[in-house]
Each structure stands twice: as structure tokens, then as C-alpha cells.
Amino acid sequence: MGVLFLAWRHVSHRAGRSAILVACIGVALALPIASRVLVARFNHALHERASTAPVVVGAKGSRFDLVFASLYFRPGRAGTMSLGAFEALSQRPGIEALPVHVRFTARGAPVVATGIEYLQRRGLRVAHGASFATLGEAVVGAKAAQRLGLAPGDTIGTDQVEAYGLTAPASIRLRVAGVLAPSGSVDDEAIFVDLETAWLLEGIAHGHQEATTIDRPDLLIGKTEEHVALSGAVVTEQDVTDADPSSFHIHADRADLPITGALVYPDSEKTSTIVRTAINATPDLQAVEPAAVIDELMAFVVRVRLVFDALAGVMGLSTIALVGLISLLSYRVREEEIRTLTEIGSARWAVARLFGAELGLILALGVALALSLVWLGVWLVSSMTGLV
């Protein structure tokens, strides 16, 4: 205990030198540990989510954009497929297909348009209120509701896509019908609505006063017993919180309406292979296995991690050299102290144990700092990405 006391007194007395050594050791250890922990957690989280959908179908383009938009609700540059193509897909024998539309956000939370079947397939349960049932209603994930302070009966506005785009669809207020119970997945961060609400956000659907009741001459281009032609000056209703949902309608062929992708659940591996082969043979659509896409992505991440490991190795060697140099200089500076210990009858190995105890304390503090940095790094990445 006496040796540890003397070692601690010397380490604390030389606080500046000790802090530099502890920082060097902590950073050198934290970098490889943090990279491995983060990669392992990313790998587990991504594969866990990817396993929930055997096949994802969407527009041809980047496989990564399609998977991350459909499963992880990261829109990116993912294209869209038509509702007609989805309905043709869903009629194939041996599969269940669920539509997903992810192109908008509300106060930073992704607005995911789908059907009630998605919530049932995921096992998502409404903890407060009710599920979405009509145009403009939303059910909010547990984390999103907590972060945004939402409860059943509240409203939330969607984010404007183009702040200065005169032709861009306006922001829409959504009615919060319910809040989901925590699921431990990215669903907790999302806001779920029906597909009609997504097309309202796209600007494809809108509402206005019944055409036959408009009596302003400046808004009527022509009128017959069967048809009414309205001027473009008619103000359309985009907000459904205070309007009658039945007054909204879609100005497009239903088969052409856009969705981001489809989650496909085949009843067998054979059916999965047949569906993927048939879809990939079409000119406009692609079918991918999320697990295979994530494997490809993680292979690239592991290669990047090897670069960090190499840098950490160089940093580790530099730290060892620095610690050795400072220890040697400290020994030279403390020669008089060492001589005094010898003259007063200290044991032969007392000086070696004293230096060893000092080095052990600095290493222990460095390890503690490294673990703290790893925890902080994982927490920050988890807060920013929601994936680890």
C-alpha cells in the first residue's frame, strides 16, 4: 500500500505530464475498441431489421437506396414504383405484399405511408388512442412521440420539401390518432399514415368546395348538365384537420399513383426465387434481398474498419514510444530521489515497484478514459442514427 500511495502522490503531483500520458493511452485504446463495437452493433441492428422482410421490390436503381428507404425509412434518392405495379405484384400466388411510401418528414420524423397490415405484420401495438383510419390521421412511434411531445388529439405539421418552390406541395397538419408501444426498432422513430395521406403530401390529392356549388363567375370556365370546368384560381384545400375528408379527391389514374416500394413475404424459398427472377426481368422494377444488401454493405464497412485498425496500430506504437521516452526521462530526473531511497535502506526492488505502480496507475486511468470515450461515441452515434 505504501508503494501505491507514493505512486499516486507522484502521479497527482505531476498532473500535466500524467494527463498527457493518460490522454494518449485512452485515445490509442478507444479508437480500435470503438470501431469494433460500432461495427458489431451496426451489423446486428441492420441484419435484425433486414430479417423482417425477405424481399423488397421497387424501382430500378440503387439497391441500397431502396432497402434503406423501405426498411429503415431513409428516403435518400430512392425512386418510386406505381400502385398498379404493386397491385399486380400482390396478386402473384404464394406471397404477401405490403406497400410503403417514404418521401416526407414531420419535424424530422419520417412519415411512413402504408396499411394497417404493416402494423400487424410488425406486431406494432397502439398503446394510447387508436390507429389511423381516415385521411390525415397518424399513429406515432413511441420515441417520436416522446421526442416531439405528441399525444392522441394533437396535430403535427409536415416539413416543407422546398422552402422556395412555388409549385411544391404545401405543408399539411396531421391529426395524431394514437401512439404506438415501444418496439425497439426504427418503427419507434416514425409517423405512420395511410397511402391516401401520402398522395395528399405529394400534391396529387386535394380538396375544394363542391364544383356544382361554386357560383362565382370568375371561377367557372364552363358548365353543362354533366360537367363543370373550373378555373385554376380555385383555392384547393390541403389541410384535413378542419375539413371534411370526403371532400378530398385524387387527380390521377389510381394505377399511376406512386409508392416507394413493396415488402414481399413469400411462403417458400422457391416462391421467393421465382418472384425475384420475374421482377428483375422487367425493365422498370427490381427485387432485392435486404439481408444480401446488408452483407454487401457491411463487407465494405469492415474494409474501412481495417484502415482504422491500421491507424490505431500506428498510434499505439507512437504511444508506447512516448510512454517509454517519458519514463526514461523521469528516471533520469529522479536519480537523486532514487539514490536517497537506496541510502535509507529501501529494498532492492522498491524503486522498480514504485515505477511499476506509477505506470500501472497511468495505464488504469488510460483504460478508464478509453472506455468512457467508447461509451460516449456509441451514445452519440446511436443518438444521431438510431441504429445502434
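## A tour from Gly-58 to Ser-70

Select Gly-58 and show what surrounds it: leaving out neighbours within four places in sequence, Gly-58 contacts Leu-66, Met-81, Thr-260, Gly-261, Asp-284, Leu-285 and Gln-286. The model on screen is predicted.

Colour by secondary structure next. Gly-58 sits in strand S1, which covers residues 55–59. Switch on a surface coloured by accessibility: Gly-58 has a relative accessibility of 0% and counts as buried, because buried means under 20% relative accessible area.

Now add Ala-262 and draw a distance between the C-alpha atoms. The distance from Gly-58 to Ala-262 is 6.4 Å in space, although 204 residues separate them in sequence.

Move on to Ser-70. Ser-70 belongs to helix H3, residues 63–72. Is Ser-70 buried or exposed? Its relative accessible area is 0%, so Ser-70 is buried.

Select the contacts of Ser-70, again setting aside residues up to four places away in sequence. They are Val-56, Val-100, Thr-260, Gly-261 and Leu-263. Keep Thr-260 and Gly-261 highlighted: both touch Ser-70, and both are also in contact with Gly-58.

Finally, zoom out to the whole chain. The cartoon shows 11 helices and 16 strands. Of the 388 residues, 40% count as buried. For a contact map, take pairs at least 6 apart in sequence: 76% of these contacts join residues at least 24 apart. With the surface displayed, the accessible area of the chain is about 20,600 Å², and carbon and sulfur atoms account for 61% of that area.

Note on methods: Residues numbered from 1 in each chain as written. Predicted model: local features only at pLDDT ≥ 70, side-chain atom pairs only at ≥ 80, totals over all residues. Heavy atoms only, no water. Helix = DSSP H or I, 4+ residues; strand = E, 2+ residues; numbered from the N terminus. Buried < 20%, exposed > 50% of the residue type's maximum accessible area, 1.4 Å probe, protein only. Contact = heavy atoms within 4.5 Å. Areas by Shrake-Rupley, 256 points an atom, 1.4 Å probe, with all protein chains shown as cover.
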